[in-house]
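User: Hi, I have a structure open here and would like to walk through it with you. Could you help me read it step by step?
Analyst: Gladly; let us look at it together.

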Amino acid sequence: MSSLRVLHIDDEPDIREIVAASLGLDPEFAVRGCDSGADGLAAAAQWRPDLILLDIMMPVMDGPTTLARLRENPQTAGIPVVFMTARAQPREIDHFKSLGAAGVISKPFDPMTLAASVRSQMQPANAG
Amino acid sequence: MIADDEARASETAAGMPRNAAALNTEVLQKAILNSADFAIIATDAKGIIQVFNAGAERMLGYAASEVVNKKTPNDFHDPQELIARAKMLSDKFATTVAPGLDSLTYKASRGIADTHELDYIRKDGSRFPVHVTITALRDDQNEIIGYLKIGIDNSAQVAMHLKDEFVATVSHELRTPLTSIAGALGLLTGNVAGKLPESAMHLLTIAYANSQRLVRLLNDILDIEKMESGKAVFDFKRVEVRSLVEHTIEANRALAQGCDVRIRFDPASAAFDVRADPDRLEQAITNLLSNAIKFSSPGEEVVVAAETRGDTVRISVGDHGPGVPNEFKPHIFEKFAQADGTDARKKGGTGLGLSIVKQIVDRLDGAVGFADAPGGGAVFHIDLPNWARAVRLQTRFIRKAHLHILLCEDNPEAAIVLADRLGQEGFVTDVALTANEAVARVAATPYAAILVDLQLPEGDDIDLIKQLRSQPQIYNTLLVVLSADLEQTHDEGRPSTLLNILDWLDTPIDVARLVRVLDRPIVRNGTTRPRILHLDSNRDALGVVAKALGAKAEVMSVDSIEKARRALAANRFNAAVLDVALAAGSGFDLLHELRDSEGDAIPLVVFSPPDANPVFAAQVRGALIKSRTPIDNVIAILRKRLVGSSLPSNDKDAA
């Protein structure tokens with residue numbers, strides 16, 4: 001029985017498929033993909049995921065803007081967001097966290113351990 | 001005779017030594033005119049070329065005889081660029097400027113300084129970017145008799161900028177497909193799609209290992225680019241070497257085991273501290289370790305040691321591999337230098353590892369080197385000044401310079417803590433508990449820096465900054481704004497920022513004052529043109545400032561926080577001009593990003609509405625409180641701006 005909902009927002013269809021397959025290794029995860037910030041906002045409000053994986057560099061609405069919009073809507077404001085990005089220098093991670101991200105996973109990621117990384121990002125939210 | 005000469009000399013250049021006067025007139029003018037680095041073109045009032053110097057000949061490919069009395073500067077421009085420029089000028093001055101010569105001389109003929117960037121087209125049709133200044137030449141009656149146009153080839157600067165952007169873009173563009181490839185191969189080799197025959201698995205393992213190698217290569221290229229362009233941020237801290245080395249060894253244990261190589265940490269190694277960025281130092285040690293592992297044969301041992309030699313800490317990594325061939329020794333730290341390409345590449349090396357080590361260690365004020373190991377193999381080492389020496393040298397320098405600091409802080413307890421700490425660092429500190437006291441002290445004592453706590457009693461804080469900055473005697477004084485929440489320790493979870501305020505002005509912008517402010521040595525910081533970020537929601541203001549500063553600085557004008565973020569991600573700036581009262585958000589939202597390559601606050605000119613606006617003041621305080629200030633950061637910025645980031649070399653050997 002899937003009990004942890006993860007919404008993955010990324011404009012690259014191939015990466016969405018790999019993320020879905022990687023998280024699918026953990027039977028507890030249910031994954032849904034969106035190809036733009038706008039679709040992601042709608043899906044987040046309607047589906048109420050436990051966590052959102054958010055690409056940084058997307059056309060039209062980028063990751064930080066999408067995060068800001070998620071925070072503006074009371075329905076989605078509390079959902080933890082983890083950025084997925086190529087740029088993951090320590091200072092940049094600090095910066096993303098200062099924007100309100102729960103964590104950062106760098107690309108390319110290891111598909112065999114992605115589910116565990118995502119789970120570890122969920123721990124603080126579950127505990128608190 | 002001699003008297004006559006002297007009289008003539010003093011006529012030509014009063015107050016100058018005779019030789020200089022002679023130089024001034026003929027030799028100097030000739031030298032300037034013959035300079036191959038400037039294209040100097042003078043025209044008559046109609047725009048017909050009269051002077052075409054050697055630099056112009058070299059850059060444009062025409063002989064002077066081909067153009068003098070024959071051509072106008074229009075002939076070296078792209079007509080489309082002139083049309084665009086005429087349109088820009090027509091809009092700006094609400095008039096009609098013709099796209100020909102008029103577009104080039106319109107401003108100069110009206111006495112307006114005109115510096116701009118355009119392309120020049122060579123005789124062979126090729127083009128290059130040029131930075132041009134145009135001046136009107138006038139006779140005694142102030143009539144225009146011609147124009148002087150001085151051009152500097154801008155290709156190198158433009159090319160460098162394009163290269164940096166290209167590397168960053170390519171790295172991102174390659175990373176996207178690579179993420180899918182590495183992900184898919186990782187899933188297949190993990191048997192996620194079912195058990196595969198052994199032969200297929202073998203091939204997939206090769207593909208997966210090589211996708212990982214491409215990732216490393218991309219990361220290394222990006223690191224090198226950031227380091228070379230100065231965009232890499234170094235966060236200097238007190239670092240305990242022994243635990244950092246142990247941690248690094250643990251992180252590389254799997255790689256060593258994969259190659260059947262043991263890593264031994266020399267038990268003689270004790271605990272010492274250095275001043276470094278721990279992440280970067282770990283990266284440097286990792287690169288040395290992975291090199292040593294790759295060049296070891298199965299069953300061999302890599303020995304890591306950390307020891308002090310006087311006040312220097314040496315971290316060394318030794319292997320029993322083939323050693324560094326003699327002919328390769330001079331090139332070992334160069335990019336893509338691999339003595340035996342096939343051997344190292346077979347083991348997944350990128351050819352950039354040692355070059356990155358050198359770049360990092362240079363930035364840490366250290367040295368990197370290597371030697372042949374007794375009995376074969378190589379020992380690489382990193383030497384860094386120990387913590388005590390790094391601090392002692394800076395403290396001694398500060399004491400010698402008698403640097404006085406004024407601390408404006410209404411909380412006496414906080415003031416004592418900070419003044420005490422500043423005293424330990426060698427600074428002489430005065431404390432002002434009220435705004436009035438601060439202004440009085442500034443009038444009496446020349447301070448090297450002023451620290452302002454932005455939580456002085458109600459309404460005093462921003463006014464105090466404005467008031468202080470309008471005092472002529474502290475025109476060049478470093479003014480740092482900090483929040484009251486001074487912390488003794490680093491809180492890793494929270495970003496920290498200080499404001500380095502060059503000036504705090506009322507809107508609308510006083511352009512003349514802004515130009516003066518940004519011309520201070522603290523902004524120029526070297527010989528190259530400073531790069532300045534200007535964020536303002538008012539496009540007219542952006543245009544005016546860009547023009548006013550254009551001759552002395554490279555101004556990047558942005559009208560929204562998003563655009564500012566993008567500019568900050570791609571460029572390094574020497575200073576920023578911020579309108580904090582934007583339509584959407586506040587310029588202070590950018591606080592955490594307004595940093596230099598070492599992570600410290602860059603000099604800032606702030607514009608805010610003239611009336612005391614409580615909402616705005618609250619915003620400013622909010623931004624500062626969110627970012628608490630470790631005392632170490634205050635010390636670091638004072639040292640850096642007052643002492644300079646590198647230590648004075650003559651103190652190097654003093655005990």
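**Where the chains meet**

Analyst: The contact takes 19 residues from chain A and 21 residues from chain B. Please keep in mind throughout that this is a predicted model.

User: Which elements of chain A give two or more residues to the side that touches chain B?
Analyst: Those elements are helix H1 (13-23) and helix H4 (90-98) of chain A.

User: And how many residues on that side are nonpolar, polar or charged?
Analyst: On the side of chain A that touches chain B there are 10 nonpolar residues, together with three polar and six charged ones.

User: OK, changing to chain B. How many helices and strands does it have?
Analyst: Chain B has 22 helices and 21 strands, and of its 655 residues 34% are buried. If you take the contacts in chain B with a separation of 6 or more, 67% of them come from residues 24 or more positions apart.

User: In what order do the strands of the sheet with S1 run?
Analyst: That open sheet of chain B has five strands in the order S2-S1-S5-S4-S3, with antiparallel pairing. Its edge strands are strand S2 (49-52) and strand S3 (114-121) of chain B, each of which pairs on one side only. On average, and ignoring direction, neighbouring strands of this sheet are turned by 30 degrees against each other.

User: How many bridges are there between S4 and S5 of chain B?
Analyst: Strand S4 (residues 127-138) of chain B pairs with S5(B) over nine bridges in the antiparallel sense, and Val130(B), for instance, stands opposite Asp153(B) in S5(B).

User: I clicked on Ile150(B). Is that one buried or exposed?
Analyst: Ile150(B), which lies in strand S5 (residues 144-153) of chain B, is buried, because 21 other C-beta atoms lie within 10 Å and 20 or more are enough to count as buried.

User: What does Ile150(B) touch?
Analyst: Not counting residues up to four places away in sequence, Ile150(B) touches Phe38(B), Ile40(B) and Thr133(B). In addition, the C-alpha atoms of Ile150(B) and Gly55(B) are separated by 9.9 Å, although these residues are 95 residues apart along the chain.

User: What about the sheet that has S7 in it?
Analyst: This is an open sheet of five strands in chain B, in the order S7-S9-S10-S12-S11, and the pairing is mixed. The edges are strand S7 (262-265) and strand S11 (367-372) of chain B, each pairing on one side only. Neighbouring strands here are turned by 20 degrees against each other on average, direction ignored.

User: Which way do S11 and S12 run?
Analyst: S11(B) and strand S12 (residues 378-385) of chain B run antiparallel and are joined by six bridges, with Ala371(B) standing opposite Val379(B) in S12(B).

User: And which strands does helix H10 lie across?
Analyst: Helix H10 (residues 278-294) of chain B lies across strand S9 (301-309), strand S10 (312-318) and S12 of chain B, and runs at about 30 degrees to S10(B).

User: New topic: which residues have the most contacts inside the largest nonpolar core?
Analyst: They are Ile405(B), Leu451(B), Ile532(B), Ala576(B) and Leu604(B), in a core of 107 residues. H10(B) gives the most to this core, with seven residues. Apart from this core lies another of 35 residues, among them Ile52(A), Leu67(A), Ile79(A) and Phe83(A).

User: Why is S20 of chain B described as largely enclosed?
Analyst: Five of the five residues of strand S20 (residues 575-579) of chain B are buried, so the strand is largely enclosed by the rest of the structure. Ala575(B), Val577(B) and Asp579(B) on one side are buried, and so are Ala576(B) and Leu578(B) on the other.

User: What pairs with S20(B)?
Analyst: Strand S18 (residues 531-535) of chain B pairs with S20(B) in the parallel sense over four bridges, and Ala575(B) is the bridge partner of Ile532(B). Four bridges also join S20(B) to strand S21 (residues 603-608) of chain B, again running parallel, and here Val577(B) has Val605(B) as its bridge partner.

Notes. Residues are numbered from 1 along each chain as its sequence is written. Chains are lettered from A and ligands numbered from 1 in the order in which they are written. This is a predicted model: local features need pLDDT of at least 70, side-chain atom pairs count only at pLDDT 80 or more; totals for chains, interfaces and linings use all residues. Two strands pair if DSSP finds at least two bridges between them. Axes are lines fitted to C-alpha atoms, for helices over the stretch in contact, and angles run from 0 to 180 degrees between N-to-C directions. Two residues are in contact if their C-beta atoms, placed from the backbone, lie within 7 Å. A residue is buried if 20 or more other C-beta atoms lie within 10 Å of its own, exposed if 12 or fewer, and partly exposed in between; C-beta atoms are placed from the backbone. Ala, Val, Leu, Ile, Met, Phe, Trp, Tyr, Cys and Pro count as nonpolar, Asp, Glu, Lys and Arg as charged, and the others, Gly among them, as polar. A nonpolar core is a set of buried Ala, Val, Leu, Ile, Met, Phe, Trp, Tyr and Cys residues joined through C-beta atoms within 7 Å.
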